[in-house]
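Hello,

Here is the structure you asked about. My notes on it follow below.

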Protein chains: 2
Amino acid sequence: MLKENQLRKVAASRPQMNLAHRPAPIPGSFGVMERIGSQMKFGRNQEIFGENEPAEYVYKVVKGAVRTYKILCDGRRQIGAFYLPGDIFGLEIGKDHQVSAEAINDAVVLVIRRSAVVSLAERDCRAARELWIFTGRELHRVQEHMMLLVKSAQQRVACFLLEMSERLATTDAVELPMSRQDIGDYLGLTIETVSRTMTQLVSNHAIGLSTSRHIVLRNRKALRELNS
Amino acid sequence: MLKENQLRKVAASRPQMNLAHRPAPIPGSFGVMERIGSQMKFGRNQEIFGENEPAEYVYKVVKGAVRTYKILCDGRRQIGAFYLPGDIFGLEIGKDHQVSAEAINDAVVLVIRRSAVVSLAERDCRAARELWIFTGRELHRVQEHMMLLVKSAQQRVACFLLEMSERLATTDAVELPMSRQDIGDYLGLTIETVSRTMTQLVSNHAIGLSTSRHIVLRNRKALRELNS
DNA sequence: CGGCGGCTTGATCGGTCTCAAGTACGGTGG
DNA sequence: CCACCGTACTTGAGACCGATCAAGCCGCCG
């Protein structure tokens with residue numbers, strides 16, 4: 001697991017910013033981002049920023065998916081969050097990033113200077129309030145994630161699938177952008193346990209698996225009731 | 001564990017606010033709290049607010065200690081944080097509290113109307129910024145707490161002791177305000193595992209235990225190196 | 001002194017991890 | 001079009017860590 005990650009890191013190189021290109025506004029919070037931000041592309045597993053690096057920019061996913069993570073002392077990787085199109089990430093209160101961020105697959109990300117956001121908030125109370133609300137939502141998300149980590153493997157996987165379904169599916173079918181390794185590192189489980197648990201859910205008729213990443217939620221109620 | 005908690009709850013009754021008493025300012029963030037807040041006392045295990053109740057107030061510990069928690073579907077209790085003198089808690093972005101809060105021991109808490117804080121932030125960008133920074137610190141704290149929950153029992157307990165020592169000790173001796181049950185519910189471990197782990201740390205000469213709550217950090221380096 | 005709550009210790013159980021092997025799938029080259 | 005390869009995923013057997021169940025201890029207070 002460590003080796004895989006290390007390899008990824010070596011492969012990742014810093015991209016040039018395409019500052020010339022001013023994209024059209026996209027709906028969502030931080031309206032300012034769309035006006036003064038610029039777009040960047042990142043390849044699969046490419047690093048977007050690293051832990052402890054200066055937090056110079058704020059990011060918004062346009063296309064693709066992004067993971068943030070920390071590496072533990074024993075080499076394990078704990079994924080802090082998955083960010084999907086429309087999600088903002090990388091906004092820090094302090095000087096440096098608390099986590100690393102990588103593209104999960106080929107991704108397009110809108111980038112804006114943090115200083116622009118912060119200085120706007122110093123003049124405009126409504127912008128400041130938006131910052132506060134954004135960070136509050138992150139806080140809520142991390143609290144929920146923390147609650148996941150003290151549950152059983154079945155409960156964790158079920159919650160994960162329900163969350164992903166809500167975030168990126170309109171029907172009962174979900175196309176997961178991330179690998180079993182990513183899911184395991186998000187849930188604090190091994191890939192084997194994630195895989196076995198998925199298999200159990202299939203035999204319980206709670207989900208269907210056509211390919212390993214294409215999942216059909218056959219019985220949402222059963223999934224929810226695992227966390228009764 | 002559930003029973004114990006239920007009993008506590010039954011025992012707890014809603015206190016009257018002492019709105020007449022205006023305490024003298026106390027140093028710390030949210031300077032406004034000391035000017036327009038009022039003090040309340042809570043007995044051991046008394047509820048301060050409950051999950052899903054309207055978040056009408058923001059709180060600051062003056063004396064004693066407070067825990068916030070959620071009850072899981074299987075009856076376990078997950079403690080989200082311990083708040084010690086000087087700490088602010090209960091500030092929500094949304095309408096309702098996301099967690100419950102109880103006094104761990106007899107505690108004095110400064111209370112201020114949330115609406116006063118929020119409306120101030122609407123006029124004063126610096127106040128808005130303070131709110132943002134406070135929530136950002138909470139976010140950072142929860143992220144660290146989440147990282148704890150994927151570590152081994154020894155690592156969790158060692159981290160916990162180091163954290164408590166930094167927060168409430170000036171020397172190597174720490175007087176813990178909370179029970180083994182509280183520690184277990186904070187670390188996602190049972191009381192038995194917490195107790196056994198403490199015993200191990202004693203035999204490793206990493207800590208000393210005169211009473212169960214009076215702990216001496218004999219070898220901080222060893223504790224830190226458990227998380228190498 | 002007795003009783004009770006909080007803590008410790010012991011024995012056993014069970015869920016998840018580890019290590020190892022096997023399988024499915026997508027891409028690449030013949 | 002198929003053979004081959006590498007990567008991702010699944011499945012199995014056994015080990016291990018922490019949970020559970022049960023008993024005993026300590027300190028405090030009536």
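A polar contact here is a pair of N or O atoms within 3.5 Å; within protein, one must be able to donate a hydrogen and the other to accept it, and residues adjacent in sequence count only if both atoms are side-chain atoms. In such a contact, an N or O atom in the side chain of B:Glu192 is 3.0 Å from a base nitrogen of DNA strand D.

This is a predicted model, in which local features need pLDDT of at least 70 and side-chain atom pairs pLDDT 80 or more, while totals for chains, interfaces and linings use all residues. Residues are numbered from 1 along each chain as its sequence is written, chains are lettered from A and ligands numbered from 1 in the order written, and side-chain values use heavy atoms, with hydrogens and water left out.

Two side chains of chain A meet the backbone of DNA strand D: A:Arg180 has an N or O atom 2.8 Å from a phosphate oxygen, and a polar atom of A:Ser195 lies 2.6 Å from a phosphate oxygen. Both residues are among those that come nearest, of the 17 around the strand (a heavy atom within 4 Å). Of the strand's atoms within 4 Å of the protein, 64% belong to sugar or phosphate and the rest to bases.

Helix 7 (191–203) of chain A and helix 7 (191–203) of chain B each supply at least two residues of this surface (helices are DSSP runs of H or I, at least four residues, numbered from the N terminus). Helix 7 of chain A gives the largest share, four residues.

Regards
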